[in-house]
Amino acid sequence: MPVTTIDVLEWIRAYAQVIEENKDYLTELDSPIGDADHGANMHRGFQAVLEKLSENEDKDIGKIFMAVAMALLSKVGGAGGPLYSTLFMQMGKSLNSSTEFGLEDWSKALDAATEGVVRLGKASPGDKTMVDALMPAVQALKDASQQGLTLGEGLINSAKAANEGMIATIPLVARKGRASYLGERSAGHQDPGATSTFMLLETAAKVWANCS
């Protein structure tokens with residue numbers, strides 16, 4: 001079974017709940033290396049997203065992602081707003097007019113989204129950003145597609161890869177964003193953006209677990 005519009009709506013709502021439950025944790029991660037607002041900003045943004053979803057439930061997947069992008073851009077402060085908005089906007093463009101998708105389509109959509117984030121943030125792997133979780137996740141999806149795995153298997157692999165990328169940010173010295181101002185003192189801290197990105201992909205794997 002492919003991922004449908006209903007599944008996408010369920011994923012976004014589930015992620016909003018994950019953010020609500022982890023907003024203090026994300027802020028705690030952000031406190032030593034950022035502005036101590038990532039959790040609060042993401043929570044505010046996804047509460048706005050939930051309001052927007054009720055107006056877009058009958059739309060296709062591309063339009064739903066575009067609505068999410070616009071809500072995040074208007075409500076999430078700092079770098080997180082434009083970056084997460086770009087993520088969903090590029091996924092929306094990739095899945096334009098779609099009412100369902102499979103592994104290859106999702107791989108292409110997340111790849112396009114990652115490229116958009118890289119262009120906007122000018123970040124590379126190893127810079128201690130959300131890119132460190134996104135890029136391995138995309139590669140895992142591509143590998144799964146080439147190996148003929150199911151969508152569910154690909155999603156699990158991508159979430160695992162994102163988790164490994166997130167953990168790998170801990171010893172890194174930040175080269176982008178607010179954390180880069182700290183230089184060597186940024187090492188030893190897990191990047192909050194990579195963490196919220198992992199949560200996004202982990203939620204997709206859990207919510208879409210029955211898709212194949």
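**An aromatic cluster and the core around it**

In this predicted model, one aromatic cluster is formed by Trp-11, Tyr-15, Phe-46, Phe-65, Phe-88, Phe-101, Trp-106 and Trp-208. The structure as a whole holds ten aromatic pairs, and two of them show how such rings can meet. Phe-46 and Phe-88 are arranged edge-to-face, with 6.3 Å from centre to centre and 65° between the planes; because Phe-46 belongs to helix α2 and Phe-88 to helix α4, this pair ties together parts that lie 42 residues apart in sequence. Phe-101 and Trp-106, by contrast, are stacked, their centres 5.4 Å apart and their planes at 15°. Phe-46 and Phe-88 are both buried, and Phe-101 and Trp-106 are both buried as well.

From these rings the reader can turn to the largest nonpolar core, which has 59 residues and in which Trp-11, Phe-65, Phe-88, Met-91, Trp-106 and Trp-208 have the most contacts. Two or more residues come from each of α1 (5-30), α2 (38-56), α3 (61-75), α4 (80-94), α5 (103-121), α6, α7 (151-167) and α8, with α1 giving the most, nine residues. Leaving aside residues up to four places away in sequence, Met-91 touches Trp-11, Phe-65, Trp-106, Ala-109, Leu-110 and Ala-113.

Two of the contributing helices can also be followed as a packed pair. Helix α6 (residues 131-146) packs against helix α8 (residues 192-207) at an angle of about 35°, and their axes are 7 Å apart. On the α6 side the contact is made by Ala-133, Leu-134 and Ala-137, and on the α8 side by Ala-194, Thr-197, Phe-198 and Leu-201; by class, this contact has six nonpolar residues, one polar residue and no charged ones.

Key
Residues numbered from 1 in each chain as written. Predicted model: local features only at pLDDT ≥ 70, side-chain atom pairs only at ≥ 80, totals over all residues. Heavy atoms only, no water. Axes fitted to C-alpha atoms, helices over the stretch in contact; angles between N-to-C directions. Helix = DSSP H or I, 4+ residues; strand = E, 2+ residues; numbered from the N terminus. Contact = heavy atoms within 4.5 Å. Nonpolar A, V, L, I, M, F, W, Y, C, P; charged D, E, K, R; others polar. Core = buried A, V, L, I, M, F, W, Y, C linked by side-chain atoms within 4.5 Å. Buried < 20%, exposed > 50% of the residue type's maximum accessible area, 1.4 Å probe, protein only. Phe/Tyr/Trp six-rings, centres within 6.5 Å; stacked < 30°, edge-to-face > 60°.
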